[in-house]
Amino acid sequence: MSRVFNFSAGPAVLPEEVLREAADEMLDYKGTGMSVMEMSHRSGAFDTIIKEAEQDLRDLMGIPSNYKVLFLQGGAHLQFSMIPMNLMKHGTADYIVTGHWAERAWKEAARYGKANCIASSKDKNYSYIPDCSDLPIDEEADYVYICQNNTIYGTQFHTLPNTKGKDLVADVSSCFLSEPIDVERYGLIYGGAQKNIGPAGVVIAVIREDLITEEVYPQTPTMLKYKTHADKDSLYNTPPAYGIYICGKVFKWLKRQGGLGEIEKKNHQKAALLYGYLDQSRLFVPTAEKSSRSYMNVDFVTGDKELDAQFVKEAEAAGLSGLKGHRSVGGMRASIYNAMSLKGVEALVGFMEEFEKAHRK
Ligand SMILES: *Cc1c(COP(=O)(O)O)cnc(C)c1O
């Protein structure tokens, strides 16, 4: 068996300890004589799994008791629809468009009401986070929406926007649990699991209770109402049970690492190593503006498409996988989520140094 250093943006690397535990429990979960995959979601064993997962997440994030934790499905994409269907009570919302996923969410919201784009960084191919300290917030807006970490462009909000009292809704798919956050500053925080938490198929939403109401967009399907899932503690229908089980193991792993404060330190250390190298490199150029850089996704180019392709190919052969950049930026992207070790980033930087020596003109 040999594992590579996996820099894929998602689905992405998971802690090896978690995968080993899951492997050990594959055929017989804690004396039940079956895999969690084969188990009724109404069983006592699964009830413990989902309740512990929720409690561990609450402990990690410091989620106040007036917020619900929902385990949902449909990817981050379904939230692009569920959010306006459930939260646009007055038919208006403000979107800050800082990348592909924020743009998708904004366009989807426009199907349900008036979705304003109140700030954008499209003018420079989403390479920065605009100043959001004094935006033209619509008086009628039900919420202000951001994508907190822009997975494709490698940018991140380091300061939350001034929403002028409106509820903040954030897609944190690619920065979930990467640093401590103040949950009370948000009305809704959500993310797909497959970037930083677990397997694809699970979406976690942390939502303030008063936002969960029967009053939703007309004809909203039962499955797309937050209330349906909140009232039944995420067990209205069969949840993505195995995925929730793995997420739960990742939460316990994060606790063993010392919680989000410690994880943040490690993430900053990894990012500092990689950006530090990039900033002095005479071959590689980072693409995001310095003040907007993401701690999770690091984008860089050589300026020569053929050389970029050669780099990705040679890195792959050296056990550094998933470094090809998204087509809208080109070049390379190293995703250095929680489960990527410092050793992995050191290996990447070492490889880049060798490549630079061989190819610098
Ligand atoms: C990957 C990603 C998405 C899309 O997720 P799906 O689960 O494929 O719908 C949305 N937002 C962000 C920030 C992402 O990184």
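Which residues of strand 9 are buried on one side, and which on the other? I looked at both faces and found them covered: L188, Y190 and G192 are buried on one side, I189 and G191 on the other. I took buried as under 20% relative accessible area, exposed as over 50%, and partly exposed as in between, with a 1.4 Å probe and protein chains only. By that count 5 of the 5 residues of strand 9 are buried, so I noted the strand as mostly covered.

Ground rules for myself. This is a predicted model, so local features need pLDDT of at least 70 and side-chain atom pairs count only at pLDDT 80 or more, while totals for chains, interfaces and linings use all residues. Residues are numbered from 1 along each chain as its sequence is written, and side-chain values use heavy atoms, with hydrogens and water left out.

**The seven-stranded sheet**

I traced the sheet around strand 9 next. It is an open sheet of 7 strands in the order 2-10-9-8-5-3-4, and the pairing is mixed. Helices (H or I, at least four residues) and strands (E, at least two) are DSSP runs numbered from the N terminus, and two strands pair if DSSP finds at least two bridges between them. The edges are strand 2 (67–72) and strand 4 (114–120), each pairing on one side only. From one strand to the next, the twist averages 20 degrees. For such angles, axes are lines fitted to C-alpha atoms, for helices over the stretch in contact, and the angles run from 0 to 180 degrees between N-to-C directions.

A reminder I wrote in the margin: strands of a sheet pair through backbone hydrogen bonds, either parallel or antiparallel.

Then I checked the two partners of strand 9. Strand 8 (residues 167–171) runs parallel to strand 9 (residues 188–192), and 3 bridges join them. On that side, D171 stands opposite Y190. Strand 10 pairs with strand 9 in the antiparallel sense, over 5 bridges. There I found L188 opposite I207 of strand 10.

**Helix 3**

What does helix 3 touch as it packs on the sheet? I listed strand 2, strand 3 (92–97), strand 5 (143–147), strand 8, strand 9 and strand 10 (203–208). Contact here means heavy atoms within 4.5 Å. The direction of helix 3 makes about 155 degrees with that of strand 9.

I also looked at how enclosed the helix is. Of its 13 residues, 10 are buried, so helix 3 is largely enclosed by the rest of the structure. Among the buried ones are F80, M82, I83, M85 and L87, along with Q79 and N86.

Next I checked its length. The expected span is 1.5 Å times one less than the number of residues. For helix 3 (residues 75–87) that should give 18 Å, and the end C-alpha atoms are 18 Å apart, which agrees. Still, there is a kink of about 25 degrees at S81, shortly before the proline P84. That bend is the angle between axes fitted to the seven residues ending at a residue and the seven starting there.

**The three-stranded sheet**

I found another open sheet, this one of 3 strands in the order 11-12-14, with antiparallel pairing. Strand 11 (285–286) and strand 14 (332–335) stand at its edges with a single partner strand each, so one side of each has no neighbour in the sheet. Strand 11 and strand 12 (residues 297–301) pair over 2 bridges, and P286 stands opposite F300. Helix 7 (residues 260–280) packs on this sheet, touching strand 11, strand 12 and strand 14. Its direction makes about 20 degrees with that of strand 12.

**Cysteines**

How many disulfides are there? I counted 0, with a disulfide being a pair of cysteine sulfur atoms within 2.5 Å. The sulfur of C117 is 10 Å from the closest cysteine sulfur, in C132, which is too far for a bond. For C147 the closest is in C175, at 7.6 Å, again too far. C117 is partly exposed at 34% relative accessible area, whereas C147 is buried at 2%.

**Backbone oddities**

I noted a cis peptide bond between G10 and P11, with omega about -15 degrees. P11 lies in the loop between strand 1 (5–6) and helix 1 (16–24).

Where do N125 and S234 lie? N125 is in the loop between strand 4 and strand 5, and S234 is in the loop between helix 5 (226–231) and helix 6 (241–256). Phi is positive at N125, near 50 degrees, and positive at S234, near 65 degrees. N125 is partly exposed at 41%, but S234 is buried at 3%.
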